[in-house]
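Reader: I would like to go through this model with you and ask, for each term you use, what it rests on.

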Amino acid sequence: MEENSNFIRSIIKEDLESGKRDTVITRFPPEPNGYLHIGHAKSIVINFGLADEFNGQTNLRFDDTNPLKEDREYVDSIKNDVAWLGYEWENLRFASDYFEEMYSRAVLLIKKGKAYVDDLSPDEIREYRGTLTEPGKDSPYRDRSVEENLDLLDRMRKGEFQNGEKVLRAKIDMASGNINMRDPVIYRVSHATHHNTGDAWCIYPMYAFAHPLEDAIEGVTHSLCTTEFEEQRPLYNWVVEECEMESQPQQIEFGRLNIENTVMSKRKLKQLVDEGYVDGWDDPRMPTISGLRRKGYTPEAIREFVQATGVSKGSGAVDEAMLEHFVREDLKMKAPRTMGILNPLKVVITNYPEGQVEMLDAEINPENPEMGTRQIPFSREIYVEQDDFMENPPKKYFRLFPGNEVRLKHAYFIKCEDVIKDEDGNVIELHCTYDVETKSGSGFTGRKVKGTLHWVDASQAIPAEFRLYEPLIRDEDLKAADESEDKTFIDFVNEDSLTIQEGFIEPNMTDAKPQDKFQFFRHGYFNVDPKHTVEDKIVFNRIVSLKSSFKL
């Protein structure tokens with residue numbers, strides 16, 4: 001991780017220098033109930049980055065304590081995302097690896113008079129818990145004997161009770177000012193098949209009980225999490241202490257990553273997938289790591305972005321343009337330059353010899369000369385963009401219009417002589433002439449033009465599909481959804497979040513492979529889609545446009 005100052009680094013450094021710790025062990029502990037999104041990338045970078053910096057280790061651990069929502073698909077996707085971001089975990093672990101150990105610690109709590117089996121329903125438990133201003137009240141089952149509680153827990157494990165019929169609760173303090181300490185549920189009955197343990201268990205530990213035990217079992221020194229878990233830190237410490245764990249992890253909270261106009265709720269993202277508003281978890285409009293990868297983002301750009309956001313207690317929203325800035329910075333030296341026409345308009349160069357094709361030299365990346373040059377064909381018929389022509393242009397319009405002359409990138413000056421329209425009055429073709437003396441690179445200085453257009457040769461152009469993206473839902477719409485009594489965020493999903501355009505690319509791109517990235521002149525950076533194939537067409541996802549107002 002970059003050597004910039006942050007409070008977690010300072011804590012770790014002090015712990016090592018004082019002898020409180022002699023090593024650093026962190027963990028990245030996702031729940032396998034969905035795909036990772038860009039917010040998780042911050043936790044990944046912090047946990048792996050700090051451990052690497054202090055020659056420690058990071059475990060990838062799945063907090064798989066809720067079989068009703070978890071799936072092996074999510075496990076595999078998370079492993080793939082972490083590896084793609086460039087990190088290697090020391091150990092691969094699951095909460096379910098420790099179920100027997102957790103159960104024995106629950107038995108210990110009962111024997112110490114620190115836990116009891118409760119018969120209250122979930123609704124009754126909530127009612128008894130009290131409010132932020134009123135204390136809770138004791139369950140009528142709170143004073144069961146140790147023997148009765150041990151017997152009931154054993155019968156819970158054997159499957160004698162139905163879901164919701166009984167729970168195991170920690171016995172702490174129903175009058176605590178911290179609601180998390182008001183006898184939280186630590187085990188519940190759930191007759192469900194677990195992705196890792198099958199049907200071996202029908203009771204499962206709650207996350208708030210399991211998580212600190214997992215950290216302690218693995219010898220985690222610094223348990224790094226986001227600030228929404230700050231109020232659970234007293235319970236975290238209580239579990240570690242009362243379960244008499246040998247290792248004593250330290251929980252430290254940092255502000256989560258939020259990005260403007262970006263849905264960061266896993267529940268909402270899952271709803272978008274389940275209800276078919278997007279093309280799966282890896283839809284390029286999704287802020288998931290897999291969606292960003294498919295769109296064309298690079299792991300280097302994501303890591304640089306996360307590091308630039310810093311580490312603090314605050315959780316303010318970051319400008320979405322900041323992430324795009326780091327993508328551009330990473331790609332500008334890597335991506336080959338090329339030309340693509342998204343909305344074609346045919347141009348016939350009437351004085352160019354029929355049947356002639358000449359090859360023109362063009363740099364692959366002017367900012368990285370070592371990438372060399374490419375050759376592109378030029379002939380009598382080419383395609384330009386429709387919006388590069390106006391029949392009646394406003395002032396300071398320097399592209400094609402009747403009588404105007406422009407430069408074709410890497411080629412010649414051409415002059416618009418005639419406009420061909422269909423029976424409805426739509427412009428379908430331009431007739432132009434070219435000046436052979438004006439060939440690019442020839443040293444011609446006879447006159448200047450103010451407009452330069454990109455183009456592709458019509459005779460050899462390759463059909464392509466271009467997919468352009470906008471946010472699925474904007475912040476103001478999310479706010480409107482929250483304030484509405486009869487609408488949800490789904491009602492505000494942007495119908496124009498995906499635009500598909502049919503056009504052409506240079507013929508030297510026939511070998512473009514999935515995930516290959518290019519900068520199309522004037523249009524932005526594009527990625528070859530690894531999922532969609534269209535007959536006889538390459539599909540490109542626009543990663544980012546070329547211009548940005550964002551400044552660091």
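The conversation below takes up the overall form, then the sheets, and then the pockets and the cavity.

Reader: What kind of model is this, and how many helices and strands does the protein have?

Author: This is a predicted model, and the protein has 13 helices and 27 strands.

Reader: Why is the protein called more spread out than a compact globule?

Author: The radius of gyration is 31 Å, whereas the globule rule gives 24 Å for 552 residues, and because the value is well over that figure the protein is described as more spread out than a compact globule. The spans of the C-alpha trace along the principal axes, about 100 × 55 × 40 Å, can be set beside this. Buried residues, those under 20% relative accessible area, make up 50% of the 552 residues.

Reader: What makes β4 and β7 edge strands?

Author: They belong to an open sheet of 4 strands in the order β4-β5-β6-β7, with antiparallel pairing, and β4 (115-118) and β7 (203-205) are its edge strands because each of them pairs on one side only, where pairing requires at least two bridges between two strands. Neighbouring strands of this sheet are turned by 20 degrees against each other on average, with direction ignored.

Reader: How do you know that β4 pairs with β5, and that β6 pairs with β7?

Author: The test is at least two bridges between the two strands. β4 and β5 (residues 167-170) have 4 bridges in the antiparallel sense, with Tyr-116 opposite Arg-169 in β5, while β6 (residues 185-189) is joined to β7 by 3 antiparallel bridges, with Arg-188 opposite Tyr-204. Both counts therefore satisfy the criterion of at least two bridges.

Reader: Which residues of β4 point one way and which the other, and are they buried or exposed?

Author: Ala-115 and Val-117 point one way from β4, Tyr-116 and Asp-118 point the other way, and all are buried; each therefore falls under the 20% limit of relative accessible area.

Reader: What makes the pairing in the sheet of 7 strands different in description, and which are its edge strands?

Author: The open sheet of 7 strands has the order β21-β18-β19-β20-β14-β17-β22, and its pairing is described as mixed. Its edge strands are β21 (452-453) and β22 (456-457), each of which pairs on one side only. Within this order, β14 (residues 344-349) and β17 (residues 381-385) pair in the antiparallel sense over 5 bridges, and the bridge partner of Val-347 in β17 is Ile-382.

Reader: How do you know that β24 pairs with β13 and with β23?

Author: β13 (residues 340-341) and β24 (residues 498-505) have 2 antiparallel bridges, which meets the requirement of at least two and so counts as pairing; here Gly-340 has Ile-505 as its bridge partner. β23 (residues 462-469) and β24 pair in the antiparallel sense over 8 bridges, including the one between Arg-467 and Ile-500.

Reader: What lines the largest pocket, and which element gives the most to its lining?

Author: About 780 Å³ of space lies in the largest pocket, which is lined by 28 residues, the closest to its centre being Glu-31, His-40, Glu-228, Phe-229 and Lys-266. β1 (25-28), α2 (38-53), α7 (207-217), β8 (222-226) and α9 (266-274) each give two or more residues to that lining, and α9 gives the most, with 4. By class the lining has 11 nonpolar, 9 polar and 8 charged residues.

Reader: Which residues are closest to the centre of the second largest pocket, and how does its lining divide by class?

Author: The second largest pocket holds about 540 Å³ of space, and of its 26 lining residues Lys-295, Tyr-297, Glu-320, Glu-324 and Pro-471 are the closest to the centre. At least two lining residues come from each of α10 (289-295), α12 (320-331) and β27 (538-544), and the division is 15 nonpolar, 3 polar and 8 charged.

Reader: Why is one space called a cavity and not a pocket?

Author: A cavity is space where a 1.4 Å probe fits but cannot get out, whereas a pocket is open. The structure holds 1 cavity of 30 Å³ or more, and the largest cavity has a volume of about 90 Å³. Its lining includes Tyr-207, His-211, Cys-225 and Phe-229, with α7 supplying the largest share, 4 residues. The lining divides into 7 nonpolar, 3 polar and no charged residues.

Technical notes: Residues numbered from 1 in each chain as written. Predicted model: local features only at pLDDT ≥ 70, side-chain atom pairs only at ≥ 80, totals over all residues. Heavy atoms only, no water. 1 Å grid on protein atoms, 1.4 Å probe; cavity = no way out; pocket = protein on both sides within 12 Å on 5 of 7 lines; lining within 4 Å. Points joined across faces, edges and corners; volume = space filled by probe spheres on them. Nonpolar A, V, L, I, M, F, W, Y, C, P; charged D, E, K, R; others polar. Axes fitted to C-alpha atoms, helices over the stretch in contact; angles between N-to-C directions. Rg over C-alpha atoms; globule rule 2.2 N^0.38 Å. Buried < 20%, exposed > 50% of the residue type's maximum accessible area, 1.4 Å probe, protein only.
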